[in-house]
Amino acid sequence: METRYRCCAAVDIHLRTFQVCVRRVGADDVVQELLREFGTTTRAILELADWLEDQGVQMVAMESTGVYWKPLWNLLEGRVAQMLINARHFRNVPGRKTDVSDSQWLADLLQHGLLRPSFVPARAQRQLRDLTRQRRLLVEERVRVVNRILKTLEDANIKLASVASDALGVSGRAMIRSLIAGEQDPIVLAELARQRLRSKIPQLREALLGRVNEHHRFMLQMAMEHLTHLEQHIATFEARIDAQTARDAEAIARLSEIPGIDRRVAQVLIAEIGTDMGRFPSAAHLCSWAKLCPGTHQSGGRRRNVHIGHGNRWLRATLVQAAWAASHAKGSYLGSQLRRLRARRGQKRALVAVAHSLLVIIYHMLKNGSRYRDLGAEHLDRLEPDRLTRSLVKRLQKLGHDVTLTPHPAAA
């Protein structure tokens, strides 16, 4: 078997220790293995890096175990070439003996080129990922807090959400703060409405007549303080993300032209896949990495499993959300695609398919520096006009009509 590296190393990562195996092929083609154990503190990792450099290691492989691999990767970065391995990939390679440790088996596979590295972006992109992912968690927590506020209002029979389209808007917040302060008069509360909501003052007077007690006021006060705290944190994260994506402003502006993608979604896309598409040979490779394409498990000419699998859940959730927004864009190709697929495959599969199309579009725009050009809602019909004609004729015949078609001279 071909030897890819004459001297390589593998690290079996644990919470408190790193099991390291250095595998070297000597001049007489005799394989030698050195096994050592290191701690996980910064001093121990730096000692490990010095030892690997002294051994002349060409490549280090490590398993992506939780978040425990990140300190090791960060401290070895720039000193030794590294490769992050998905555990499922190397554990499924046959031929492993039971008396061989993970680090030895990983080093053996690495030396013979049998490992497939995972995509690990540059440090700046990893930091941007941390920011966008934390912002998403804060936004989700904000939604939960808003729901708790609405639940408390309902418990007090305050029907604010049934009248105001945004119960936590400027008017709604003023009314809630007044309720917390002890105001019970629905007439006084309704007068806090502003702008267009003032046209609904009669409905507000009915909706704000409830039974708010001390317990409700306490719960509302705690929830509103929590909401304010979260919104301040979200604003701080957004300012930090804006600063770190300033260098990619041109790419973000172009991606924002796609239906369903705004500046925030574009920032998440830049954080998850970056702007350099050279690491992905084609759009199909990017979609496969993101697990936004069906599985290809075939046996006997039949496809048995078409699940999209796991993958980057942050990227997938963002693209599916963008696909849902794009489906509401009037006269767009993506909206037409979702409606066409939804009739046959259902809502969820259609959304994943549109998310796949979005990722293909994003790949080519980032790779070629091009701008978005919508194909139009009739694009799919123009591709197969005969099929559309047969479908429409069949539908008319089912309704009891006799159909005779006369081709138009311009279309003949």
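Begin by selecting strand β4, residues 59–63, in this predicted model. Both of its faces are covered: Met59, Ala61 and Glu63 are buried on one side, and Val60 and Met62 are buried on the other. In a regular strand, side chains alternate between the two faces of the sheet. Because 5 of the 5 residues of β4 are buried, the strand is largely enclosed by the rest of the structure.

Next, display the strands that pair with β4. Strand β1, residues 7–13, runs parallel to β4 and is joined to it by 4 bridges. To locate this pairing, select cysteine 8, whose bridge partner in β4 is methionine 59. Strand β5, residues 82–85, also pairs with β4 in the parallel sense, over 4 bridges. Here the residues to select are valine 60 and its bridge partner in β5, glutamine 82. Following the chain onward from β4, one passes through helix α2, residues 69–76, to reach β5; this β-α-β crossover is right-handed.

Now turn to the nonpolar interior. The largest nonpolar core contains 73 residues, and those with the most contacts inside it are Ile149, Leu160, Leu204, Ile258, Ile261, Leu319 and Ile362. Helix α16 supplies the largest share of this core, 10 residues. Select isoleucine 362 and display its surroundings: beyond its neighbours within four places in sequence, it is in contact with Leu255, Ile258, Ile261, Leu269, Ile273 and Leu319. Another core, of 23 residues, lies apart from the largest one, and includes Val11, Val20, Phe38 and Val120.

Move next to helix α15, residues 333–345. This helix has 13 residues and reaches 18 Å from its first C-alpha to its last, close to the 18 Å expected at 1.5 Å a residue. Its buried residues are Tyr333, Leu334, Gly335, Ser336, Gln337, Leu338 and Leu341. Among the elements that cover them are α14 (313–326), α16 (347–368) and α17 (379–383). After α15 comes glycine 346, which has a positive phi, near 95°.

Two polar side chains deserve a separate selection. The first stop is arginine 173, in helix α7, residues 170–180. Is this arginine buried or exposed? Arginine 173 has a relative accessibility of 16%, so it counts as buried, the cut-off being under 20%. Setting aside neighbours within four places in sequence, arginine 173 is in contact with Arg142, Ala167, Leu168, Met224, Leu227 and Glu231.

The other stop is histidine 216, in helix α10, residues 214–244. With a relative accessible area of 5%, histidine 216 is buried. Its contacts, apart from neighbours within four places in sequence, are Thr152, Asp155, Ala156 and Arg211.

Finish with the backbone of two loop residues. Most residues other than glycine have a negative phi. Asparagine 157, although not a glycine, has a positive phi of about 65°. Select it in the loop between α5 (123–155) and α6 (160–163); asparagine 157 is partly exposed, with a relative accessible area of 42%. Lysine 291 is in the loop between α13 (283–289) and β6 (297–299). Its phi is also positive, near 55°, in a residue other than glycine, and lysine 291 is partly exposed, at 31% relative accessible area.

Key
Residues are numbered from 1 along each chain as its sequence is written. This is a predicted model: local features need pLDDT of at least 70, side-chain atom pairs count only at pLDDT 80 or more; totals for chains, interfaces and linings use all residues. Side-chain values use heavy atoms; hydrogens and water are left out. Buried means under 20% relative accessible area, exposed over 50%, partly exposed in between (1.4 Å probe, protein chains only). Two strands pair if DSSP finds at least two bridges between them. A crossover is right-handed if, with the strands pointing away from the viewer, the path from the first strand over the helix to the second runs clockwise. Contact means heavy atoms within 4.5 Å. The expected span of a helix is 1.5 Å times one less than its number of residues. A nonpolar core is a set of buried Ala, Val, Leu, Ile, Met, Phe, Trp, Tyr and Cys residues joined through side-chain atoms within 4.5 Å.
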